[in-house]
Amino acid sequence: MNDLRGRVTKDGIRIYDEADFAGMRTAGQVAAGILDAVIPLVRPGATTAEIDAFITAEIQRLGVTSATIGYKGYQHASCISVNHVVCHGIPGAKVLADGDILNIDVTVIVEGWYGDTSRMYVAGALPRKAERLIEVTHEGLMRGIAAVKPGNTFGDIGFAIQSYVEAARMSVVRDFCGHGLGRVFHAPPNVLHYGRAGSGPVLEEGMFFTIEPMVNLGRPETKVLADDWTAVTRDKSLSAQYEHSIGVTAEGCEIFTLSPAGRFFRTWEQ
Ligand code: MF3
Ligand code: CO
Ligand code: CO
């Protein structure tokens, strides 16, 4: 793979080599380990600020760097998006109530490499409708990942996600997308979670990007609140998201952000 070093495709997508995969693996495992460590803190009565403070302390303890503190003026080590918050929820005084569902999104920098991942949690008992939403969102991500192999296109990823989610009578958010990453946080391409099979750039071995579908129980439209970050569903319906950072291999892809504890999907179990 060394002959691929330094190449950028006509779509502006960087092609990485074997040593770069090792860097991403380490960064992804650190990010995913933090999302494992936070599981016991998610319970009714906890505030999202407490959870974020724990994440900040973990990042410090591990001797790595938060990619989000200072990013475009963002001040926190995580985004915590509760119930109808789609993404970019700001940690704060909000007290979690029984049955609240939340996405926690952490991005770290380890030796220059970015690991970006998020998953769903529940405070207390999981309501049945929320469980369905979370299951469909996770399965949507996994179907997107299953479409990743050289020769397929980014449109194939979006199509796999959208067709599955809409068959389940839920909607895919259009206003936010996945992204290339590596030694930068957000790079080309925009990874859409909807689209037409065969459209978009062709996937090549050595591409690094995230897939991070946001799925709503109601309509797909979102709006950003006055804090300029918090994105919510316009119809106030529940929203869920899962995110992995991946690298395209000869055969398919490597998921850099698998949970070391095997607790990516149903974080509330065990
Ligand atoms: N981690 C988010 C993503 O998946 C980005 C968060 S940027 C922040 O791309 F500034 F809001 F933290
Ligand atoms: Co991301
Ligand atoms: Co993220």
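Reader: What makes the approach of the Asp116 side chain to ligand 1 a polar contact?

Author: An oxygen atom of ligand 1 is 3.2 Å from an N or O atom in the side chain of Asp116. A polar contact is a pair of N or O atoms within 3.5 Å, so the Asp116 pair qualifies. This is a predicted model, in which local features need pLDDT of at least 70 and side-chain atom pairs pLDDT 80 or more, while totals for chains, interfaces and linings use all residues; side-chain values use heavy atoms, without hydrogens or water. Residues are numbered from 1 along each chain as its sequence is written, with chains lettered from A and ligands numbered from 1 in the order written.

Reader: Which distances do His186 and Glu243 show to an oxygen atom of ligand 1?

Author: For His186, a polar side-chain atom lies 2.9 Å from a ligand 1 oxygen; for Glu243, an N or O atom of the side chain is 3.0 Å from one. Of the 340 Å² of accessible area (Shrake-Rupley method, 1.4 Å probe) that ligand 1 has on its own, the protein covers 96%.

Reader: Which residues surrounding ligand 1 are the closest?

Author: They are Thr68, His179, His186, Glu212 and Glu243, out of 14 surrounding residues (a heavy atom within 4 Å). This shell comprises five nonpolar, five polar and four charged residues.

Reader: Why is the arrangement around the cobalt ion (ligand 2) called irregular?

Author: Asp116, His179, Glu212 and Glu243 coordinate this ion at 2.0 to 2.2 Å, inside the donor limit (N, O or S within 2.8 Å; 3.2 Å for Na, K and Ca). Six donors count as octahedral if opposite ones are over 155 degrees apart and all others between 65 and 115. The six donor atoms here subtend angles of 51 to 160°, and the arrangement is therefore irregular.

Reader: What makes the site of the cobalt ion (ligand 3) irregular?

Author: Its six donor atoms subtend angles of 58 to 170°, which again makes the arrangement irregular. Asp105, Asp116 and Glu243 supply donors at 2.1 to 2.3 Å, with the sequence spacing D-x10-D-x126-E.

Reader: Which residue bridges the two cobalt ions, ligand 2 and ligand 3?

Author: Asp116 bridges them, and the ions lie 3.3 Å apart.

Notes. A polar contact is a pair of N or O atoms within 3.5 Å; within protein, one must be able to donate a hydrogen and the other to accept it, and residues adjacent in sequence count only if both atoms are side-chain atoms. Ala, Val, Leu, Ile, Met, Phe, Trp, Tyr, Cys and Pro count as nonpolar, Asp, Glu, Lys and Arg as charged, and the others, Gly among them, as polar. Four donors count as tetrahedral if all angles lie between 85 and 135 degrees; four count as square planar and six as octahedral if opposite donors are over 155 degrees apart and all others between 65 and 115; anything else is irregular.
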